[in-house]
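Reader: Could you take me through one part of this model closely? I would like to see how the helices towards the end of the chain pack, and what lies around them.

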Amino acid sequence: MSPKKQSLEVVEASNCPLPAGFLTQIAQCFDHEGQTIYKGRNEIKIFTLPDRTVCVKKYSVPPIFNRILYSCGLRVPKARRTYENAHKILERGFRTPVQYGYVLTWKNGWLGESYSVGEYVEHADTCSDAYTDKPLRDAFAGYTADLHAHGMMHRDYILNNILYKRTGDHYEFTLIDINRFVFKSSPIRGFLQRMNLMQPFHNNEELQDFVSAYCRAAQAPTSLCAHVLSFRRWRNRYSTLKRVLKKIPGSRWLTQHRSSAK
């Protein structure tokens, strides 16, 4: 039996404003075209088209264990999750870049690199300023309360994953990096609420100030602050344990190994 050829799975939004063939060609042109704005495990580039600028995120080949899950259909690839989550977020009335489509590459039945293509949000800053800007931190806390009230939770709720624009005293927030997201039919409460609230701030004083503002906006009991700080202490202990375990020879192989198949 002859080996399978590399193939593309391309999904394009029904109202996609991109030039014909752009999504199909992105896997071939990504490495030598566009302007890089972030490069780490994954890479983000912006592409200037005749009528707009688009943002393309390239997800690297998954670690071997996750690659098996994705390739067997036991987990949804990140580019597809981003596309689907964006539609749900927009339907619920919150801001996130409009997604125009996504591309998955496959070789011999194995998921390779994937790409999400969406709107580029210009003239926006990340909420990292909330560490020192109390009005922004308070507005961000109110926004978080609103998200939770609508049954929504960003599972990577760090300040770099929320953009903001300020007009006078008004803040407009936009969610990015949304492939890990929770949608519920009821408000986010209990364990999920506490786990989510401890994520944005590492300093206990700023975290307490943020949660206090959240409690005022959500009309939640002030005892929530103590619960979140307690969760943070347990999380720190767990992170310390993980760092120790990673020092065991061979423990990183499953999470860092990359297949040479491209």
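**Helix H7 and its surroundings**

Author: Happy to. Helix H5 (residues 190-197) packs with H7 at an angle of about 70 degrees, and their axes are 9 Å apart. That makes H5 roughly perpendicular to H7. Please keep in mind throughout that this is a predicted model. On the H5 side of the contact are Phe-191, Gln-193, Arg-194, Met-195 and Leu-197, and they meet Leu-224, His-227, Val-228 and Phe-231 in H7. Sorted by class, the contact of H5 with H7 has six nonpolar, two polar and one charged residues.

Now turn to the other partner. Helix H6 (residues 204-218) and helix H7 (residues 224-245) have axes that come within 9 Å and cross at roughly 140 degrees. H6 and H7 are therefore oblique to each other, and their crossing is right-handed. H6 brings Asn-204, Leu-207, Gln-208, Val-211, Ser-212, Tyr-214 and Cys-215 to the contact, while H7 brings Leu-224, Cys-225, Val-228, Leu-229 and Arg-232. By class, the contact of H6 with H7 has eight nonpolar, three polar and one charged residues.

If you look at the spacing of these residues, a general point helps: an α-helix has 3.6 residues a turn, so residues three or four places apart point the same way. Leu-224 and Val-228 of H7 take part in the contact with H5, and Leu-224 and Val-228 also take part in the contact with H6.

Between H6 and H7 there is a loop, and Gln-219 is found in it. Gln-219 has a positive phi of about 55 degrees although it is not a glycine. With a relative accessible area of 73%, Gln-219 is exposed. It is worth setting Asn-108 beside it: Asn-108 sits in the loop between S5 and S6 and also has a positive phi of about 55 degrees without being a glycine. Asn-108, however, is partly exposed, with a relative accessible area of 38%.

Back in H7, you will find Asn-236. Asn-236 is partly exposed, its relative accessible area being 43%. Its C-alpha atom is separated by 23 Å from that of Thr-144, and the two residues are 92 apart along the chain.

Next, the core that these helices share. The largest nonpolar core has 34 residues, of which Phe-140, Tyr-143, Phe-173, Leu-175, Phe-210 and Val-211 touch the most other members. Two or more residues each come from helix H3 (78-91), helix H4 (134-149), strand S9 (162-167), strand S10 (170-175), H6 and H7. Val-211 is one to pause on, as it is among those well-connected core members and is also one of the H6 residues in the contact with H7. Phe-140 is another: leaving aside neighbours within four places in sequence, Phe-140 is in contact with Cys-127, Tyr-157, Leu-159, Ile-162, Phe-173, Pro-200, Phe-201 and Phe-210.

For contrast, here is the other core. A second, separate core of 25 residues includes Leu-23, Phe-47, Tyr-59 and Val-103. Leu-23 also appears among the buried residues of helix H1 (residues 22-29), together with Phe-22, Ile-26, Ala-27 and Cys-29. These buried residues of H1 pack against strand S1 (7-12), strand S3 (43-48), strand S4 (53-59), strand S5 (99-107) and strand S6 (110-119).

Conventions: Residues numbered from 1 in each chain as written. Predicted model: local features only at pLDDT ≥ 70, side-chain atom pairs only at ≥ 80, totals over all residues. Heavy atoms only, no water. Buried < 20%, exposed > 50% of the residue type's maximum accessible area, 1.4 Å probe, protein only. Helix = DSSP H or I, 4+ residues; strand = E, 2+ residues; numbered from the N terminus. Contact = heavy atoms within 4.5 Å. Axes fitted to C-alpha atoms, helices over the stretch in contact; angles between N-to-C directions. Parallel < 35°, antiparallel > 145°, perpendicular 65-115°, else oblique. Left-handed = near helix turned anticlockwise from the far one by under 90°. Nonpolar A, V, L, I, M, F, W, Y, C, P; charged D, E, K, R; others polar. Core = buried A, V, L, I, M, F, W, Y, C linked by side-chain atoms within 4.5 Å.
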